[in-house]
Amino acid sequence: MFFHKKEPIHVVNVSEANPRFAQLLLEQFGGATGELSAALQYWVQSFHVENAGIRDMLQDIAIEEFSHLEMVGKLIEAHTKNTDQTDAFKSTLFAVRGIGPHFLDSQGNAWTANYLNEGGDVVRDLRANIAAEAGARQTYEELIKLATDQGTKETLVHLLTREISHTQMFMKALDSLGKLTDPFFGNIQPDETVALYYNLSTNGNGKDERGPWNSEPTFKYIANPLESHS
C-alpha cells in the first residue's frame, strides 16, 4: 500500500523563476544521478534482501527518494511557471516540452532503466548505493553553486544533506554485515594473486608512488611485473 500526502517532506519556495536553471534541475529528475533512479534502484533491491532490517531500510529510503523527486518536480514547476513568453524560456527544453518536469536529463536525454545498478547481492547493492549517493551529492553541490534563488538553494541543501545521511545508513548496513571494509563476498574463493599489486604505470622520474593501497601488510608490491613473469 502506498499513501501520498500532498505536502512535501521539506518546504519548497521559489521567489524568482529561472527556466534555464530549471533545465539544469532536470538532471535530478530524469537524469542518471536523479531521484527517480535512486528510488527505483533501492526499491527493487529491497526484494533481493533476506535481512528484514536492511530490506526495511531500503524501502524507507526508496520512499524518501520518491518524496525528493516530488520536491525537485515542484522546483522545476515553479521555475517554469508563467515564464513562457520570456527569451529564457524559449531557449530551454520547456519551449517544446511545456512547463513542469519531464523524464529527461539537463541535455534532453530520456530517462532509462540503464541508470539503475542492482544485482541481487546485498553487499554489492549497498556498495552501488554508496556510489549512487555520491553522484547525486556531487550534482546537488554543482546546482547549489549555480542557484541564485535563496528558496531554491535551501531546498537543494536539504536534498544534498539527505544524500549524506543515506550514505551513512548504507555504510552502517554494510558494517552490520561485516562488509564495510572487507572486499570479499560471494562463494567463489579468489586465487593466489589477490594480494598482489602490479606496478603498471610510471610518472617518468623513476620514483613510483606508494601508499596503503600498494603496501604491506595487505599487498605485495610487484615493482616490475615483466621481470616477475619472465
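**View 1. Asn82, an exposed residue in a loop of the predicted model.** In this predicted model, Asn82 has a relative accessibility of 73%, and because exposed means over 50%, Asn82 counts as exposed. The residue lies in the loop between α4 and α5, the latter covering residues 87-90. Its backbone deserves attention in the close-up, since the phi angle of Asn82 is near 60°, a positive value in a residue other than glycine.

**View 2. The cis peptide bond from Glu216 to Pro217.** This view is drawn around the peptide bond that runs from Glu216 to Pro217, which is cis, with omega near 5°. Pro217 belongs to the loop between two strands, β1 (196-198) and β2 (220-222).

**View 3. Five residues that UniProt annotates as "binding site".** According to the unreviewed UniProt entry, the feature "binding site" is placed at Glu35, Glu65, His68, Glu133 and His166. These residues are spread over 132 residues of sequence, and yet they cluster in space, with 12.9 Å as the largest C-alpha distance. Two of them, Glu65 and His166, are shown in further detail in the following two views.

**View 4. The surroundings of Glu65 in helix α4.** Glu65 is part of helix α4, which covers residues 52-80, and with a relative accessible area of 0% it is buried. When its neighbours within four places in sequence are left aside, Glu65 is in contact with Glu35, Ala38, Ala39, Tyr42, Glu133, Glu163 and His166. Glu35, Glu133 and His166, which appear in this list, also carry the "binding site" annotation from the UniProt entry.

**View 5. The surroundings of His166 in helix α8.** His166 sits in helix α8, which covers residues 150-176, and counts as buried at 0% relative accessibility. Apart from its neighbours within four places in sequence, the residues in contact with His166 are Ile61, Glu64, Glu65, His68 and Glu133.

**View 6. Helices α4 and α7, crossing at roughly 20°.** The axes of α4 and of helix α7, which covers residues 122-146, come within 13 Å and cross at roughly 20°. Because angles under 35 degrees count as roughly parallel, α4 and α7 are described as roughly parallel to each other, and their crossing is left-handed. On the α4 side the contact is made by Ile54, Met57, Leu58, Glu65 and Val72, and on the α7 side by Val122, Leu126, Asn129, Glu133 and Tyr140. The residues of this contact divide into seven nonpolar, one polar and two charged.

**View 7. Helices α3 and α7, crossing at roughly 165°.** Helix α3, which covers residues 35-46, has an axis that comes within 11 Å of the axis of α7, and the two cross at roughly 165°. Because angles over 145 degrees count as roughly antiparallel, α3 and α7 are described as roughly antiparallel to each other, and α3 passes α7 in a left-handed crossing. The contact involves Glu35, Gln41, Tyr42 and Gln45 of α3, together with Asp125, Ala128, Asn129, Ala132, Glu133 and Tyr140 of α7. Here the residues divide into four nonpolar, three polar and three charged.

**View 8. Asn129, a buried residue of helix α7.** Asn129 lies in helix α7 and counts as buried, at 0% relative accessibility. Leaving aside its neighbours within four places in sequence, Asn129 is in contact with Gln41, Tyr42, Gln45, Leu58 and Phe170. For orientation beyond the close-up, Asn129 and Gly98 are 31 residues apart in sequence and 33 Å apart in space, C-alpha to C-alpha.

**View 9. A further "binding site" annotation, with Asp56 and Asp60 in helix α4.** The unreviewed UniProt entry also gives the annotation "binding site" for Asp56, Asp60, Asn199 and Ser201. These residues are spread over 146 residues of sequence and are spread in space as well, up to 44.5 Å between C-alpha atoms. Asp56 has its place in helix α4 and counts as partly exposed at 44% relative accessibility. Asp60 also lies in helix α4 and is partly exposed, with a relative accessible area of 47%.

**View 10. The surroundings of Gln23 in helix α1.** Gln23 belongs to helix α1, which covers residues 19-25. Its relative accessible area is 18%, and because buried means under 20%, Gln23 is classed as buried. Beyond its neighbours within four places in sequence, Gln23 is in contact with Ser91, Thr92, Leu93, Phe94 and Ser106.

Key:
Residues are numbered from 1 along each chain as its sequence is written. This is a predicted model: local features need pLDDT of at least 70, side-chain atom pairs count only at pLDDT 80 or more; totals for chains, interfaces and linings use all residues. Side-chain values use heavy atoms; hydrogens and water are left out. UniProt positions are given in the numbering used here, feature names are shortened, and annotations may be inferred rather than shown by experiment. Helices (H or I, at least four residues) and strands (E, at least two) are DSSP runs, numbered from the N terminus. Buried means under 20% relative accessible area, exposed over 50%, partly exposed in between (1.4 Å probe, protein chains only). Contact means heavy atoms within 4.5 Å. Axes are lines fitted to C-alpha atoms, for helices over the stretch in contact, and angles run from 0 to 180 degrees between N-to-C directions. Angles under 35 degrees count as roughly parallel, over 145 as roughly antiparallel, 65 to 115 as roughly perpendicular and the rest as oblique. A crossing is left-handed if the near helix is turned anticlockwise from the far one by less than a right angle, and right-handed if clockwise. Ala, Val, Leu, Ile, Met, Phe, Trp, Tyr, Cys and Pro count as nonpolar, Asp, Glu, Lys and Arg as charged, and the others, Gly among them, as polar.
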